[in-house]
Amino acid sequence: MSNEKSTRMRAFAGNSYEDYYDHAMADFPWTARLVMNIVVAACWAFTKLVWPWKIEQAELLTEDARGRVIIQNHESMVEPVIMVVTLWRAGIHTRIVYKSEFDKIGIATWLFSRVGGFPVSRGTADMKVVRRARAMLQRGECVLIYPEGTRVKDDAQAEVHGGYALMAQMAKAPVQPVAVIGARNLRFRSRVWLKAGRPVEWSEIDAPKRREQVAKMEEVGMGRVFELRDELRQAHPGLE
């Protein structure tokens, strides 16, 4: 049974965090949408000025209206901002999965909930989160997730966690890889490059059973992310 709620939230009705997690972003109150517009404008201007960035093949992100699970390697806190800003400006509602440790900071939970974020407890099989993501995807929202779980400063330390493929499978949604370089050691005016890949469709996954399909999608999805990352490094030598 879906957790999705259909009634529009009221601006000053004391909505809970769960209300924000389980309502469509289109049903968020005007106050939350105002916050989002202000945050997006401020973050776009700030990041473009301080760390000039560009997304190669951005049209693969911005011209696809389907709900998708978007996965990316994780170098810093700037690439999630870039992704959300880019998609929001293109009219695409995106829900970002964040680690529940941030909920210890009250203002972080308040802000994340209003810009579409929802928490997950790392290292747990939280089916409530999976069902919540399925509802988001089925109504056409994108879910942005970082399978490495934390910022990676050295390729050898990368550890990929599963879960995103199950979300996509339950919603019959494609998985779209995106890569970033240049964000590990940010300095003023240092360049950050991202590159979007085409979505991986479930019809491409050659596995007979559902569990095997999930495992194969997890392998293929992050494999595509790392391929895009390597292409960026080759095109922009000296950046990690």
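In which hand, right or left, does α6 pass α7? In this predicted model, α6 passes α7 in a right-handed crossing, and that pair of helices is a convenient place to begin.

Two packed helices are described by the angle between their axes and the distance between the axes. For helix α6, which covers residues 127-138, and helix α7, which covers residues 164-171, the axes come within 8 Å and cross at roughly 50°. That angle makes α6 oblique to α7. On the α6 side the residues that meet α7 are Met-127, Val-129, Val-130, Arg-131, Ala-133, Arg-134, Leu-137 and Gln-138, and on the α7 side their partners are Leu-166, Met-167, Ala-168, Met-170 and Ala-171. Sorted by class, this contact of α6 with α7 holds 10 nonpolar residues, 1 polar residue and 2 charged residues.

From here the reader can turn to α2, which spans residues 30-50, and to its contacts with α5 and α4. The axes of α2 and α5 come within 9 Å and cross at roughly 95°, and the two helices are therefore roughly perpendicular to each other. In this contact Ala-32, Val-35, Met-36 and Val-39 of α2 meet Trp-110, Leu-111 and Arg-114 of α5. The contact of α2 with α5 comprises 6 nonpolar residues, no polar residues and 1 charged residue.

With α4, residues 78-89, the geometry of α2 is described by axes that come within 10 Å and cross at roughly 120°. The helices α2 and α4 are therefore oblique to each other, and their crossing is left-handed. Here Met-36, Asn-37, Val-40, Cys-43, Trp-44 and Thr-47 from α2 meet Val-78, Val-81, Val-84, Val-85, Trp-88 and Arg-89 from α4. Counted by class, the contact of α2 with α4 has 9 nonpolar, 2 polar and 1 charged residues. Met-36 of α2 appears in the contact with α5 and also in the contact with α4.

The helices just described also take part in the largest pocket, whose volume is about 1,100 Å³. At least two residues of its lining are supplied by each of α2, α4, β3 (94-99), α5 (106-114), α6, α7 and α8 (210-235). The lining has 44 residues, and among these Val-97, Tyr-98, Lys-99, Val-120 and Tyr-146 lie nearest the centre of the pocket. By class, the lining of the largest pocket divides into 29 nonpolar, 9 polar and 6 charged residues.

Besides this pocket, the model contains 2 cavities of 30 Å³ or more. The largest cavity encloses about 40 Å³ of space, and the residues that line it are Asn-73, His-74, Glu-75, Glu-148, Val-152, Asp-155, Ala-158, Arg-184 and Arg-229. Of the residues in that lining, 2 are nonpolar, 2 are polar and 5 are charged.

The second largest cavity, with about 30 Å³ of space, leads the reader back to α2, for the largest share of its lining, 3 residues, comes from that helix. Its lining is made up of Met-25, Phe-28, Ala-32, Arg-33, Met-36, Trp-88 and Arg-114, which divide into 5 nonpolar, no polar and 2 charged residues. Several of these residues have already been named in the helix contacts: Ala-32, Met-36 and Arg-114 belong to the contact of α2 with α5, while Met-36 and Trp-88 belong to the contact of α2 with α4.

Notes:
Residues numbered from 1 in each chain as written. Predicted model: local features only at pLDDT ≥ 70, side-chain atom pairs only at ≥ 80, totals over all residues. Heavy atoms only, no water. Axes fitted to C-alpha atoms, helices over the stretch in contact; angles between N-to-C directions. Helix = DSSP H or I, 4+ residues; strand = E, 2+ residues; numbered from the N terminus. Parallel < 35°, antiparallel > 145°, perpendicular 65-115°, else oblique. Left-handed = near helix turned anticlockwise from the far one by under 90°. Contact = heavy atoms within 4.5 Å. Nonpolar A, V, L, I, M, F, W, Y, C, P; charged D, E, K, R; others polar. 1 Å grid on protein atoms, 1.4 Å probe; cavity = no way out; pocket = protein on both sides within 12 Å on 5 of 7 lines; lining within 4 Å. Points joined across faces, edges and corners; volume = space filled by probe spheres on them.
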